[in-house]
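User: I'd like a close look at one part of this model, the ring pairs, and then whatever else the backbone and the ligand site have to offer. Here it is.
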Amino acid sequence: MSALHTLATRALHLLDPEDAHRATLAALRAGLGPRAPAETAGLRVDLAGLRLPNPVGLAAGFDKNAEVAGAMLAAGFGFVECGTVTPLPQPGNPRPRLFRLGEDRAVINRLGFNNQGLERFAANLARRGAGVVGANIGANKDAADRIADYVTGLTRLWRLADYFTVNISSPNTPGLRTLQTGAALSELLGRISETRASLAGHAPIFLKVAPDLDDAEIEAIADGVAAARFDGVIVGNTTLSRPDSLVSRHRGEAGGLSGAPLMSLSTRVLARFHAAAKGRFALIGVGGIASGADAYAKIRAGASAVQLYSALVFQGPALVTAIRRDLAARLAADGFASVADAVGAR
Ligand SMILES: Cc1cc2nc3c(=O)[nH]c(=O)nc-3n(C[C@H](O)[C@H](O)[C@H](O)COP(=O)(O)O)c2cc1C
């Protein structure tokens, strides 16, 4: 990381976390973000037909309104996922709702899908430049028919995003995670795939799940995703669990936990999805990645690509370059000619 960006990251930690995030977005919009080449030799991947210059993506929630995708691609991410966007704008939960757990290198958030809505998101996305950008879609808190909100998001943003993520795993919209099981899951998958079939052209669709799933739920989701011809599963969102290791004073706050304490849990669940997928769809590994070693562990557990967010809070956006360099070195040291060769190689 450059001295300037180290200093900026330290200064941001003097602010309330949400104000710091706003300041970061403003700096990125003003063109003050770091710049890195898009490619590192040997890191190119094909993710469900998407050609990524490298497999390290920006996870959803950083750029909820699709304002800074270009700046984050320029900072070296191989792909950027914007959102979660809901059809109508909504304010989210009352502040404070975002907490840094510094000693634990973790974050707790209960933002509750605060975002400016689909129309603003679509207008921002329409102005974007080159590079792979996904749209993470969700449901409004008060929606009478939540599944209809996903259909609305997919239809409105079709052709504007390179891929779509159906996010049914935020813990901060009451009842949303019930879409991960049983008849609700089947109905969701069915209605989304019907909608896709009715639209011209093709874009991959991923399902984003929680890391808080048991083996039977994982099997059922994998079979449902394959039957509905979704292209992949993102494993996963923040956790409602609170590992005993947490020491920070904010550890008791309600919301989803992300960052370093999520790494082992989410990688275990990822490996289970890899076994359950039986090659029928791709996996994207997310949760606690803060180094090249972490990214490599996700790939070896079955991920074709990875995403991160919380580590940026502690290490700044230049982290992505370090991860790419280290990942390339690890692949070469173990004799893998490409990322694809290492996927699931346990
Ligand atoms: C502040 C914050 C906001 C988030 N908002 C969203 C969101 O809107 N949609 C979503 O799918 N995931 C959201 N996430 C979850 C992340 O995309 C990611 O799945 C999770 O944080 C685990 O990765 P990490 O440990 O690298 O942060 C959010 C995470 C954080 C920390």
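How many aromatic pairs does a search of the whole structure find?

Analyst: The search turns up 4 aromatic pairs (Phe, Tyr or Trp rings, the six-membered one for Trp, with centres within 6.5 Å; planes under 30 degrees apart are stacked, over 60 edge-to-face, the rest tilted). Before the details: this is a predicted model, with local features needing pLDDT of at least 70 and side-chain atom pairs 80 or more, while totals for chains, interfaces and linings use all residues. Numbering runs from 1 along each chain as its sequence is written, and side-chain values use heavy atoms, without hydrogens or water.

Let's look at Tyr-163 and Phe-206. Their ring centres sit 5.1 Å apart and the planes make 50 degrees, so this pair counts as tilted. The pair ties together distant parts of the chain, 43 residues apart: Tyr-163 belongs to strand 8 (residues 163-167) and Phe-206 to strand 9 (residues 205-209) (strands are DSSP E runs of at least two residues, helices H or I runs of at least four).

Now for the ligand. There are 25 residues around it, and Ala-60, Thr-84, Gly-259, Gly-288 and Ser-310 come nearest (around means a heavy atom within 4 Å). Strand 4 (79-85), strand 6 (106-109) and strand 11 (256-259) each put at least two residues into this shell.

Ligand oxygen atoms also have some polar contacts (N or O pairs within 3.5 Å). A polar backbone atom of Ala-60 lies 2.7 Å from one ligand oxygen, and for a backbone N or O of Gly-259 the distance to a ligand oxygen is 2.8 Å. Asn-167 uses its side chain instead, with an N or O atom 3.1 Å from a ligand oxygen. On its own the ligand has 600 Å² of accessible area, and the protein covers 97% of that (Shrake-Rupley, 1.4 Å probe).

Thr-84 deserves a second visit. This strand 4 residue follows a cis peptide bond from Gly-83, with omega near 10 degrees. Another cis bond joins Arg-95 to Pro-96, where omega is about 0 degrees; Pro-96 sits in the loop between strand 4 and strand 5 (98-101).

Most peptide bonds are trans, and most residues other than glycine have a negative phi. Against that second habit, Phe-113 has a positive phi of about 55 degrees despite not being a glycine. You'll find Phe-113 in the loop between strand 6 and helix 4 (118-126).

Conventions
Polar contact = N/O pair within 3.5 Å; in protein donor to acceptor, adjacent residues only side chain to side chain.
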